[in-house]
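Let's take a walk through this structure together, one piece at a time. Have the sequence and the 3D view open as you read.

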Amino acid sequence: MSAVVPARGVLLEAMPTETSFEVVAVQLPLVAQLSDGWPTRAGEVRWDAMGRPVMLHIGIDRWLLPTANAEVMDLARCAVTAGSCVMFEVTGKWQVFRCQDRSIARILSSSIDIDAILEQSECARLVVFDCPAIITRRTHVHWILIQRSYCASFHTAITSAAAAGSAPGGPSGASR
Amino acid sequence: MRSSSPRCGLRLRDQPLSFSFDGVEVPAQAGDTVSSALLAHGIRLIGRSVKARRRRGVLTAGPEEPNALVTVGMGPALIPNVPATQLQVRNGLAVRSQNRWPCLRWDLASLLQAGGGLFSAGFYYKTFMWPSWRSYEPMIRSLAGLGSAPQACSLAGASLEHLSCDVLVAGGGPAGLIAALSAARSGARVVLCEREPALGGELEFESALIEEQPAMAWVDATQTELEARGVRVLLETAIVGGSNGQVIAHAEPGGLPGNNTLYRIRPTQLIIATGAVERPIAFIDNDRPGVMLLGAAERYLARYGVQVGRRIVIFGNHNRLYPAAMRLRAAGLDIRAVIDTRTPAQLHDSFVAGLREALIRSGVACLLGHVVTAAKGRAAVSGAQIAACCEAGRASILSASRHVACDTILMSGGWTPATHAMLQEGGSAQYLDEVGAFIAVEQPPWRVAVGAANGTFELAALCRQAGAAGLRAARSVGKADCAPAEASGRGDPQPDVVAMWRAAASRADEKRQFVDWQNDVTVADLRTAVEEGFCDIEHAKRYTALGFGTDQGRLAGVLGAGILAELREQPIEQVGVSRLRQPYHPVTMLSLAGLRIGNALRVERRTPLHDWHAAHGAVLEASGLWSRPRYYRTSGGAQVAQAAHEEARRVRTHGGIVDASTLGKIEIAGPDSAAFLDYVCLTRAGTLKVGRSRYAVSLREDGMVQDDGLLLRLAPDHFRMTTSTSHAELMLSHLEYWRASEWAARAVTITDVTDAWSTIALAGPRSREAVLGVLEDRSRAAVSVLQHMQWTAGLFRALPLLVLRATYSGELGYEIHCPCSIALQVWEALVACGMAPYGLEALDILRLEKGYLTHSEMTGQTTPYDLGMHRFLQRSDDFVGRALLDRPAFHEPARPRLTGLRALDGQSAFLAGAQLVTIRDRSHPCGYVTSTAFSPVLGEWIGLALVARSIGLGESLIASDPLRSSETPVRVSSPVHFDPSGERMRT
């Protein structure tokens, strides 16, 4: 499934559902107990060779593994075995969208100031258009994870925002 | 005035346009506003005042315009109260004047002027008493109000943008530009908002040099540099409010609502350079078409090439009357007189004195120590009455007056700094005598005013102040890469305002000395307010409507305060100014709503089966944020009752499935998870075996029932809790709270998996066959021997899922928890096995028949005792809510108890919400009905109720429903109406 935001022709590419996990620390502080490769700074993201986010630090004691590849699963299992973490399977909880169009930032700004949010942190867990979301980006490719049951509303809202933003006299018209 | 040749102005383009005003076509040029085009075409009468219906023309050239408000469009979707001074002309635009009937020139209601003081301040409190207010109300309401309210909305939705920046500069005049330039050169991220379509502010007409360049050339160069430095310049965007460090700006392209944008800007530093609003002066008939602010006349000339009159009298109280007179004269206007209220001793500036001499030499009468006492003329200005005053700056005894013929009076009583944004979130107003106005002081460290907004009017000083403010703002955010902008400027002289609020007049004439044009507030009204004890500025404002309306007191606020000070014989500092409210400029409701309109008003959560439901005749309803099937049209009836009865009957006789994916699902894991759940739930988790589940109830700390659901033990240290749909977030928050507080040192983790798992619930005698029918062979054995409340893993087409034997309806039932990716396939397979879907209505009927809680009983005010959960309370250890469960009040006879209800006659209906009263005492309810339904298997209306414990089973009560005018005799019964032994679910 891919979603095109009509007013700007922005393609939001819905990625296929993959096995995913949330890893939650049982004991804090956890950072000292984790092996190398864990994104331990607030909002840090680990990317795979294809430029996909594979481990996102989405809370002080919480990581999301949206694509449970072997590498990150090994890291996670080690932590679980060591008694540091618990893994919850959350396959299907998040719908991952990828967008390579730069104008998505302007559309998202109808709801959040994405530039300010991602200035200090690689990813952020927040509410976008009233939908629970996780957002990260790398080299202008935005990854937007929306809690699945909200996807229809998210699509409606982002389409409206794009249409409003592209209207004559809208932000692009008023701004010089 | 009227001219057929194209006009030249800073904002005009040589492109002819036309629009209609009251049905008459008016030629214009691209860039014109409606007011500039009307003035250029010689049309001066543009509206009528709201109360007295006096003729009104254009007073200003900005958004503070009180008179020239017009209605745009026709039909029900018109847009009223658009300032003609802001409204850009476009071809085909249809504009109508307001507050008149049948036409602008001849208005019937203007006859009310003959009533003299009929509409004085507070008139409606004092008059229209006999025979009653109601007799007059329709007429007054038909006359009241600015314009006509639209009946429909045709506006395009507004867009919204969140921005953040290091420095936000509000205002694109010289001070704003220099401040923005200074901050940007220092490396700060800058956003600049300007409410006009072009930058420059007063530089558009002021004879100024900046950095030795003509002012507008400097403006162009500065704009280019700002854009090159990445400054975001938002034109036609006004700051309209803000709080908590967030600033709200509103863009209204073309001055017409529609296609608006609301900006939510979070600046680290805010520089207010919004300039100042020129102030009028109160004299007799100062509202005649032809009386205008001096600055407005200069703007019309510079921007649009419009000469607002031919024979001009200029009236004011400061130095800048003279350079303005020189410029207007140079443009070809006949300046008849410059009337300066100041005495010769108050004219200090030699440059100004030189200008005055030059004007006198060219034949202009320049009178010091004089005032314009009245505008002459009936439909429009035909002259000015002038008199010498004995005490400059104060209304005083007048000498004999003289008449000067003119068609325009341009007045200027000084300037009111635009301090609106400075008086929110801290900040107070302080009167500056040398400016004759209030400025904002006591500002928080992140906000500063510069330029005219700070009472600094002289260009050189303004440039220094703004440059320093921009640099300071940049430094405060750690930016100081480059040298600041240090523009030098030379422009009009320091104004040297000597405050003067009104010309002296007899009390009778004070009724024609206007202070607030939009609300017809006169000096007489203010005098009445003072005499009747409404002395405080806030009281006087509300009593007279001073500063109400679209301009929010920008024109009239300080003028009214000055006149009140005179009337009260107090310094104006003691009178103060009224509090300024947001929004500072009119904002359409549509802009405030943003994207939250229509279907987007609230988010909707959908289950993975949503599309299937919609495609199979489901009537969906909101259940919290979720959209759930209420019933299916395909179930045997178009009406909800028919369909629901059929669905419920089918579950009892055969079987059915319901989409229960909306139930909250929270997983709790970790070595201490069982102990944690023992603490936060009323029911024990520690004794639950892996592979089993248990009904779980949780209490709040005050002992009230919070929610119920099921608890499944997935592994020794891993549980899944299901919650009711509407309490899922609440329960997650509840669990997180206890985990993060009392249990912070223990090994427990929680995560919400509601969206990861779909839940399909089967019920009915054939449900076992259906479950076994969809599972793979190797799963069937384990599922077929499941006991009540046991679960096991299963396989569906090689994909894992979880099967739990549990019931919502008292029937043999199962829950299938499956990954959402296969929910549709599982559902369709069950349907193919003969399970028909049922909706919430049928589910409620089934639950009610069994006496299961429908959540109307968990109101947050019921205890486990009230709901008959005594069996869970046999615990000796501690748990959330325990401490308060033993309160005596929880055990009083008046406490409610969950009971069943049945109609005494077995047929009559009674509805939820009805109060229960005894036959002996109908005035004191002893309970109320929480839920009811017609039971298709029992063939009668049944219900659940919370009834005082003193009422015994079998007692007769009356379900009294005064709202629906019904009284139904009912009998108190056991809550379990159907299959009380529970035989069916244990089959």
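## A hairpin to start with

In chain B, B:Gly241 has B:Ile248 of β14(B) as its bridge partner. That pair belongs to a bigger set: strand β13 of chain B, residues 237-243, is joined to β14(B) by six bridges, and the two run antiparallel. Keep in mind as you look around that this is a predicted model.

β13(B) and β14(B) form a hairpin with two residues between the strands, and there B:Asn244 takes a positive phi near 50 degrees. How much of β14(B) is covered? Five of its six residues are buried, so call it mostly covered.

## On to β15(B)

Now follow the chain from β14(B) to β15(B). Strand β14 of chain B covers residues 246-251, and it pairs with β15(B) in the antiparallel sense over five bridges. One spot to click on is B:Ala251, whose bridge partner in β15(B) is B:Thr261.

β15(B) has other partners too. β8(B) is joined to it by 11 bridges, and these two strands run parallel. Here you can find B:Ala170 standing opposite B:Ile272 of β15(B). Three bridges also join β15(B) to strand β28 of chain B, residues 447-449, again running parallel. B:Ile272 turns up here as well, standing opposite B:Ala449 in β28(B).

Is β15(B) mostly covered or mostly open? It's mostly covered, with 10 of its 12 residues buried.

## Where the two chains meet

Zoom out to see both chains. On the chain B side, 42 residues are in contact with 39 residues of chain A. The elements of chain B that give two or more residues to this side are β8 (159-170), β12 (232-234), β15 (261-272), β35 (664-669) and β39 (749-752). Which of them gives the most? That's β8(B), with six residues.

You can also sort the chain B side by class: 18 residues are nonpolar, 14 are polar and 10 are charged.

## A quick look at chain A

Chain A has five helices and 11 strands. Of its 176 residues, 48% are buried.

What about contacts between parts of chain A that are separated in sequence? Take the contacts between residues at least 6 apart in sequence: 61% of them join residues at least 24 apart.

## A three-stranded sheet

Back in chain B, look for an open sheet of three strands in the order β21-β22-β23, with antiparallel pairing. Why do β21 (370-376) and β23 (402-405) of chain B each have one side without a neighbour in the sheet? They stand at the edges and each has a single partner strand, so one side of each is left without a neighbour there. On average, neighbouring strands of this sheet are turned by 30 degrees against each other, ignoring direction.

For a closer look at one pairing, try strand β22 of chain B, residues 383-388. Four bridges join it to β23(B), and the two run antiparallel. B:Gly383 stands opposite B:Ala405 in β23(B).

## Two helices crossing

Next, find helix α7 (residues 321-330) and helix α8 (residues 350-361), both of chain B. Their axes come within 9 Å and cross at roughly 40 degrees. That angle makes α7(B) oblique to α8(B). The crossing of α7(B) and α8(B) is left-handed.

Which residues make the contact? From α7(B) there are B:Tyr322, B:Pro323, B:Ala325 and B:Met326, and from α8(B) there are B:Val352, B:Leu355, B:Arg356 and B:Leu359. By class, the contact of α7(B) with α8(B) has seven nonpolar residues, no polar ones and one charged.

## One residue up close

Finish with B:Leu294, which is found in helix α6 of chain B, residues 294-304. Is B:Leu294 buried or exposed? It has 24 C-beta neighbours inside 10 Å, so B:Leu294 counts as buried; the cut-off for that is 20 or more.

Who are its contacts? Leaving aside neighbours within four places in sequence, B:Leu294 is in contact with B:Glu278, B:Ile314, B:Gly316, B:Ala324, B:Leu410, B:Met411 and B:Ser412. You can also check its spacing to B:Val313: the two are 19 residues apart in sequence and 10.0 Å apart in space, C-alpha to C-alpha.

Key: Residues are numbered from 1 along each chain as its sequence is written. Chains are lettered from A and ligands numbered from 1 in the order in which they are written. This is a predicted model: local features need pLDDT of at least 70, side-chain atom pairs count only at pLDDT 80 or more; totals for chains, interfaces and linings use all residues. Two residues are in contact if their C-beta atoms, placed from the backbone, lie within 7 Å. Ala, Val, Leu, Ile, Met, Phe, Trp, Tyr, Cys and Pro count as nonpolar, Asp, Glu, Lys and Arg as charged, and the others, Gly among them, as polar. Two strands pair if DSSP finds at least two bridges between them. Axes are lines fitted to C-alpha atoms, for helices over the stretch in contact, and angles run from 0 to 180 degrees between N-to-C directions. Angles under 35 degrees count as roughly parallel, over 145 as roughly antiparallel, 65 to 115 as roughly perpendicular and the rest as oblique. A crossing is left-handed if the near helix is turned anticlockwise from the far one by less than a right angle, and right-handed if clockwise.
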